[in-house]
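Hi everyone, thanks for coming. Let me put a structure up on the screen, and then I'll walk you through it.

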Amino acid sequence: MKSRTKNLLTKQEIRKLVKINFGNACEIGRIEELKGGMFNAIYKISRVKEMDQIVLKVGAAPKTPLLTYEKDIMRTEVECYRLIKEHTNVPVPAVLAYDFSRKHIESSYFFMTA
């Protein structure tokens, strides 16, 4: 689904983020955009050696007009996953890596288990 808040990445940018967060030995198979959401760009990524799939969630670009409660919402989502896992038995995806510094791309992002 198209949305003005989705910050879509190229496959080259996604591969770069995978290497930064999981090392140069991490081989990528298929990259698929998950199109159901309306706010963030989300990708399902197949890792070859690990024989698994992970999810990359990319926040809105910095200059995108947002509602007050939407600002820095990705940091809140990661914290919610941590708190739910720590204090309940509710199954949640494991957060594998995250970066809110905007050092590598213009947005916050995180990787989680599929």
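I'll start with the overall picture, then turn to one helix, and finish with some aromatic rings.

First, some housekeeping: this is a predicted model, where local features need pLDDT of at least 70, side-chain atom pairs count only at pLDDT 80 or more, and totals for chains, interfaces and linings use all residues. Residues are numbered from 1 along each chain as its sequence is written, and side-chain values use heavy atoms, with hydrogens and water left out.

So what is the order of helices and strands along the sequence? The pattern reads α-β-β-β-α-β-β, with 2 helices and 5 strands in the protein. Here helices (H or I, at least four residues) and strands (E, at least two) are DSSP runs, numbered from the N terminus.

On overall dimensions, the C-alpha atoms fill a box of roughly 40 × 35 × 25 Å along the principal axes. For 114 residues, a compact globule would have a radius of gyration near 13 Å, and the protein's 14 Å agrees with that. That radius is taken over C-alpha atoms, and the globule rule is 2.2 Å times the number of residues to the power 0.38. Of the 114 residues, 36% are buried, meaning under 20% relative accessible area with a 1.4 Å probe, protein chains only.

Now please look at helix α2, residues 73-87. Its 15 residues should span 21 Å at 1.5 Å a residue, and its end C-alpha atoms are indeed 21 Å apart. The expected span is 1.5 Å times one less than the number of residues.

Which residues of α2 are buried? They are Met74, Glu77, Val78 and Tyr81. Seen down the axis, these buried residues fall within an arc of 95°, so they line one face of the helix; the arc is that of the directions from the helix axis to the C-beta atoms. As a reminder, an α-helix has 3.6 residues a turn, so residues three or four places apart point the same way. Covering the buried residues of α2 are, among others, β3 (52-58), β4 (95-99) and β5 (109-113).

Last, the rings: there are 4 aromatic pairs, with ring centres within 6.5 Å, planes under 30 degrees apart counted as stacked, over 60 as edge-to-face and the rest as tilted. One of them, tyrosine 98 with phenylalanine 100, is stacked, at 5.0 Å centre to centre and 25° between the planes. Another, tyrosine 109 with phenylalanine 111, is edge-to-face, at 5.9 Å and 85°. Both tyrosine 109 and phenylalanine 111 are buried, and ring pairs link them with Phe22 into a cluster.

Note on methods:
Buried < 20%, exposed > 50% of the residue type's maximum accessible area, 1.4 Å probe, protein only. Contact = heavy atoms within 4.5 Å. Phe/Tyr/Trp six-rings, centres within 6.5 Å; stacked < 30°, edge-to-face > 60°.
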